[in-house]
Amino acid sequence: MQHKKLVSVSFGRRDYGYIAMISLSALIYSFGMNFFVHSGNLFPGGYAGISRLLSLLTGMYLPFGLSFSVVYFALNIVTTLFVWKRIGHKFILYSVLWFSLTSLFTSLIPYASLTSDPLLISVFGGLINGFAIGIALRNNASSGGTDFIAIDLSIRLNRPTWNYIFAANAGVLVAAGILFGWNQALYSIIFQYVSKEVVNMMHERYKTSSLQVVTDSPDEISDRIFHVCRHGITKVACQGEYSHKQHYLLLITINTYQLHEVIDAIKNVDHHAFITVNDVDKVIGNYYQKPLE
């Protein structure tokens with residue numbers, strides 16, 4: 001008789017910090033939704049935009065209107081069930097916490113307007129929206145929904161994919177433009193673009209960097225780096241053209257968020273090491289990407 005394997009998720013001291021930051025992120029996001037998105041009648045990207053569109057439509061054409069919080073929570077829960085086996089369980093649980101708190105906070109925080117200027121609402125609303133999502137992503141969570149899709153694509157392609165999600169949001173904006181006016185749709189594009197740029201700036205998990213290290217202690221440095229991250233290193237013998245001395249060149253490709261830790265490891269072994277760092281557009285070949293927990 002076969003027994004189904006039970007899912008076990010362990011939590012440590014670091015997780016309490018994650019939970020606190022995720023809660024703060026959800027609060028900031030909900031503030032942006034009720035103070036900027038609602039007052040500017042904007043449509044954010046992903047499930048937030050779809051939920052807002054459905055909420056407005058049900059209020060217009062049905063005797064009862066569904067609140068944003070209810071629609072947003074329902075869409076995310078359905079998506080969560082589909083991705084449960086494909087993404088790290090702790091990451092999914094943190095994401096459930098995020099969109100659950102967001103649904104709660106948006107229903108509790110009153111609507112208010114800080115300004116009537118639609119351009120200011122779009123820009124600063126996008127900054128707050130992107131900043132909140134960026135905090136969640138840096139603390140092992142996401143806003144669920146289309147974020148799950150973007151993360152799955154990032155794992156497969158080893159590169160950021162938020163631009164693809166931005167393109168997919170065009171359908172919601174077209175529908176919003178037809179139903180509620182093109183001014184709101186066009187200002188929503190500004191809102192989404194600003195939000196996307198902030199997220200891209202803050203989220204470094206799927207960005208990669210290459211290091212070229214000239215050193216006289218290649219084996220010691222390699223050993224220290226292997227204790228920091230799980231990436232291969234290519235060692236090449238070389239010669240300094242000015243000094244005519246023998247050195248070694250180490251070629252390493254790592255995730256950008258590991259950069260400071262790797263450089264510190266190198267400097268702890270050889271503080272005379274010469275290091276150059278470059279952004280990597282795409283990696284082709286066998287590259288280890290640490291899975292989400």
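**Group meeting: two loop residues, one sheet, one helix pair**

Let's start in a loop. His244 sits between S2 and S3, in the loop that links those two strands. Its phi is positive, about 60°, although His244 is not a glycine. Is His244 buried or exposed? Exposed: His244 has 52% relative accessibility, and the cut-off for exposed is over 50%. Keep in mind that this is a predicted model.

There is a second residue of this kind to look at. Asn140 also has a positive phi, near 65°, and is a residue other than glycine. Where is Asn140 found? In the loop between helix H5, residues 118–138, and helix H6, residues 146–157. Asn140 has a relative accessible area of 13%. The limit for buried is under 20%, so Asn140 counts as buried. To put the two side by side: Asn140 is buried, whereas His244 is exposed.

Now the overall picture. The chain has 293 residues, and 45% of them count as buried. There are 11 helices and 4 strands. Take the contacts between residues at least 6 apart in sequence: 77% of these join residues at least 24 apart. The accessible surface comes to about 15,900 Å². Carbon and sulfur atoms account for 61% of that surface.

Next, the sheet. The 4 strands form an open sheet, and the order is S2-S3-S1-S4. The pairing is antiparallel. Which strands are at the edges? Strand S2, residues 233–239, and S4; each pairs on one side only. On average, neighbouring strands are turned by 20° against each other, direction ignored.

Let me stay with S1, residues 208–215. Its partners are S3 and S4. On the S3 side, residues 246–255, there are 8 bridges, and the two strands run antiparallel. One pair to click on: Ser209 stands opposite Ile254 in S3. With S4, residues 274–280, S1 shares 7 bridges, again antiparallel. Two pairs here. Leu211 has Val277 in S4 as its bridge partner. Gln212 has Thr276 in S4. How many of the 8 residues of S1 are buried? The count is 6, so to speak of S1 as mostly covered is fair.

Last item: a helix pair. Helix H3 spans residues 68–83, and helix H4 spans residues 89–108. Their axes come within 9 Å. They cross at roughly 170°. An angle over 145 degrees counts as roughly antiparallel, so that is how H3 and H4 are arranged.

What do the two helices bring to the contact? From H3, the residues include Phe68, Tyr72, Phe73, Asn76 and Ile77. From H4, among them are Ile92, Val96, Trp98, Phe99 and Thr102. How do the residues of this contact divide into nonpolar, polar and charged? There are 9 nonpolar, 8 polar and no charged residues.

To recap. His244 is exposed and Asn140 is buried; the phi of His244 is positive, and so is the phi of Asn140. S1 pairs with S3 over 8 bridges and with S4 over 7. H3 and H4 are roughly antiparallel, with no charged residues in their contact. That's it from me.

Notes:
Residues numbered from 1 in each chain as written. Predicted model: local features only at pLDDT ≥ 70, side-chain atom pairs only at ≥ 80, totals over all residues. Heavy atoms only, no water. Axes fitted to C-alpha atoms, helices over the stretch in contact; angles between N-to-C directions. Parallel < 35°, antiparallel > 145°, perpendicular 65-115°, else oblique. Contact = heavy atoms within 4.5 Å. Nonpolar A, V, L, I, M, F, W, Y, C, P; charged D, E, K, R; others polar. Buried < 20%, exposed > 50% of the residue type's maximum accessible area, 1.4 Å probe, protein only. Pairing = 2+ DSSP bridges. Areas by Shrake-Rupley, 256 points an atom, 1.4 Å probe, with all protein chains shown as cover.
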